[in-house]
Amino acid sequence: MLTVKLPLELEKRLETVAKRLGRTKQDVALEAIAEEIQDLEDGLLALERMTDGKTEFFTLEEVRERLGLTETNDQR
């Protein structure tokens, strides 16, 4: 069990959002925390992959070449 003391302004914002959504403050806070944790985990995984020395990186031009895309059939 975790207890968090929010600054008054943040708690007011949380309460406003929860009321507008017809949800409890706890439900909104839990969802927000879960989404932020997922974003942080994704960022850490990306950082690990970028620095592992095993992952290949390609420029947009290299991807286009590998997929057989050219400027003429590119729909810009």
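1. Confidence by element. In this predicted model, helix 1 (residues 8–21) has the highest mean pLDDT among the elements of the chain, at 98. Helix 3 (residues 60–67) has the lowest, at 94. For the whole chain, the mean pLDDT is 92. Of its residues, 93% reach 70 or more. A general caution applies: where pLDDT is low, the predicted coordinates should not be read in detail.

2. Secondary structure. The chain has three helices and zero strands. Read from the N terminus, the order is α-α-α. Helix 2 covers residues 25–51.

3. Overall dimensions. The radius of gyration of the chain is 22 Å. A compact globule of 76 residues would come out near 11 Å. Along the principal axes, the C-alpha atoms fill a box of roughly 55 × 35 × 20 Å.

4. Burial and surface. Only a small share to note here: 5% of the 76 residues count as buried. The chain exposes about 7,300 Å². Carbon and sulfur atoms supply 57% of that area.

5. Charges. The chain carries 12 positive and 18 negative charges. Take the mean position of each set, and the two points lie 8 Å apart.

6. Phenylalanine 57. Where does phenylalanine 57 sit? Its place is the loop between helix 2 and helix 3. Is phenylalanine 57 buried or exposed? It is exposed, because its relative accessible area is 53% and exposed means over 50%. Phenylalanine 57 still has partners beyond its neighbours within four places in sequence. These contacts are Arg49, Met50 and Glu62. Glu62 falls within the residue range of helix 3, while Arg49 and Met50 fall within that of helix 2.

7. Glutamine 38. This residue is found in helix 2. Its relative accessible area is 41%, so glutamine 38 is partly exposed. The limits for that class are 20% and 50%. How far apart are the C-alpha atoms of glutamine 38 and threonine 70? They are separated by 36 Å. Along the chain, the two residues are 32 residues apart.

8. Valine 63. Valine 63 belongs to helix 3. With a relative accessible area of 33%, valine 63 is partly exposed. It is not buried, because buried means under 20%. Compare its position with that of valine 28. The two valines are 35 residues apart in sequence. In space, they are 40 Å apart, C-alpha to C-alpha.

Notes: Residues numbered from 1 in each chain as written. Predicted model: local features only at pLDDT ≥ 70, side-chain atom pairs only at ≥ 80, totals over all residues. Heavy atoms only, no water. pLDDT = per-residue confidence, 0-100. Helix = DSSP H or I, 4+ residues; strand = E, 2+ residues; numbered from the N terminus. Rg over C-alpha atoms; globule rule 2.2 N^0.38 Å. Buried < 20%, exposed > 50% of the residue type's maximum accessible area, 1.4 Å probe, protein only. Areas by Shrake-Rupley, 256 points an atom, 1.4 Å probe, with all protein chains shown as cover. Lys, Arg positive; Asp, Glu negative; His and termini not counted. Charge placed at Lys NZ, Arg CZ, Asp CG, Glu CD. Contact = heavy atoms within 4.5 Å.
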